[in-house]
Amino acid sequence: MDARLLTCARLCSGDVLCDIGTDHGYLPCYMIENKLCKKAYACDIAQGPLSSAVQHISERGLSGQIKTIVSDGLDSVEKGDITDVVIAGMGGELIADIISRCVWLKEGINLVLQPMTKPELLRKWLYENGFCVKRELACISGRFVYSVMQVRYEKPGHQLTDEYLHYGFVAPDTDEGRRYLKDRSNKLRTAAEGMIKGGKKTDLGQRLLELSRLYE
Ligand SMILES: C[S@@+](CC[C@H](N)C(=O)[O-])C[C@H]1O[C@@H](n2cnc3c(N)ncnc32)[C@H](O)[C@@H]1O
């Protein structure tokens, strides 16, 4: 379990986990073994990763508590008693697409999302579709830094500002948080400089450059 998945586990809150894109099934195994949930569904779109999950779950003697399901997103998963849905290790656009196809995520589910790319697109989609980011934590995994969002279907009580889109609610009060904000600032500056140098989208480039200065 790396810091990324440990942070996802930290933001879960109920008894029944559904892990979408589970791959080896590490998260559900960890959650059950550490009594962080009572039951789990380990889901993946592909049979290959799911076979590794089945093996890992069985080796740890957890087959009674973890059910594996082949599913594209949540398409083949029924709400039942699920309290928490984790979607980690995928791009921000794919995560938004998976959420958009599942109506029961609006029924009191604690959603934990960890985008590998384009967190700003995910934040925008969540905001515009009535999902509120309640908490956001940064984590460092290997050479990279990520944010993990805890989300609920409820009207966001804040504005959709450019600063929020690009930096989220990550606070600069931990090493991980400061590194995340700096990383986002660097990415914004690189994108802005490319736009300004290319002579196209120079207004947007200037705006992104201003935003990059918030945490440089
Ligand atoms: C990079 S792995 C992430 C594994 C784990 N969630 C993590 O964060 O370490 C991405 C996994 O998502 C699965 N996946 C990709 N698209 C999916 C979809 N639409 N629905 C379900 N699983 C998907 C892949 O098969 C793969 O096992």
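**Helix packing, ligand shell and domain contact**

In this predicted model, helix α4 (residues 92-100) packs with helix α5 (residues 119-128) at an angle of about 25°. The axes of α4 and α5 lie 7 Å apart. Angles under 35 degrees count as roughly parallel. Helices α4 and α5 are therefore roughly parallel to each other. From α4, the contact draws on G92, E93, I95 and A96. These residues meet P119, L121, L122 and W125 of α5. By class, six residues in the contact of α4 with α5 are nonpolar, one is polar and one is charged.

The ligand is considered next. Around it stand 15 residues. Of these, G21, D23, I45, A88 and G89 come nearest. Strand β4 (residues 84-90) supplies the largest share of the shell around the ligand, with three residues. Eight residues of this shell are nonpolar. Four are polar, and three are charged.

At the level of domains, the assignment gives domain 1 (3-160) and domain 2 (171-216). The C-alpha centres of domain 1 and domain 2 are 28 Å apart. Five residues from domain 1 and five residues from domain 2 form the contact. On the side of domain 1 that touches domain 2, β6 (131-141) and β7 (144-153) each supply at least two residues. Strand β6 gives the most to this side, with three residues. The side of domain 1 that touches domain 2 has four nonpolar residues, one polar and no charged.

Key
Residues are numbered from 1 along each chain as its sequence is written. This is a predicted model: local features need pLDDT of at least 70, side-chain atom pairs count only at pLDDT 80 or more; totals for chains, interfaces and linings use all residues. A residue is near a molecule or strand if its C-beta atom, placed from the backbone, lies within 6 Å of it. Helices (H or I, at least four residues) and strands (E, at least two) are DSSP runs, numbered from the N terminus. Ala, Val, Leu, Ile, Met, Phe, Trp, Tyr, Cys and Pro count as nonpolar, Asp, Glu, Lys and Arg as charged, and the others, Gly among them, as polar. Axes are lines fitted to C-alpha atoms, for helices over the stretch in contact, and angles run from 0 to 180 degrees between N-to-C directions. Angles under 35 degrees count as roughly parallel, over 145 as roughly antiparallel, 65 to 115 as roughly perpendicular and the rest as oblique. Two residues are in contact if their C-beta atoms, placed from the backbone, lie within 7 Å. Domain bounds come from an automatic or database domain assignment.
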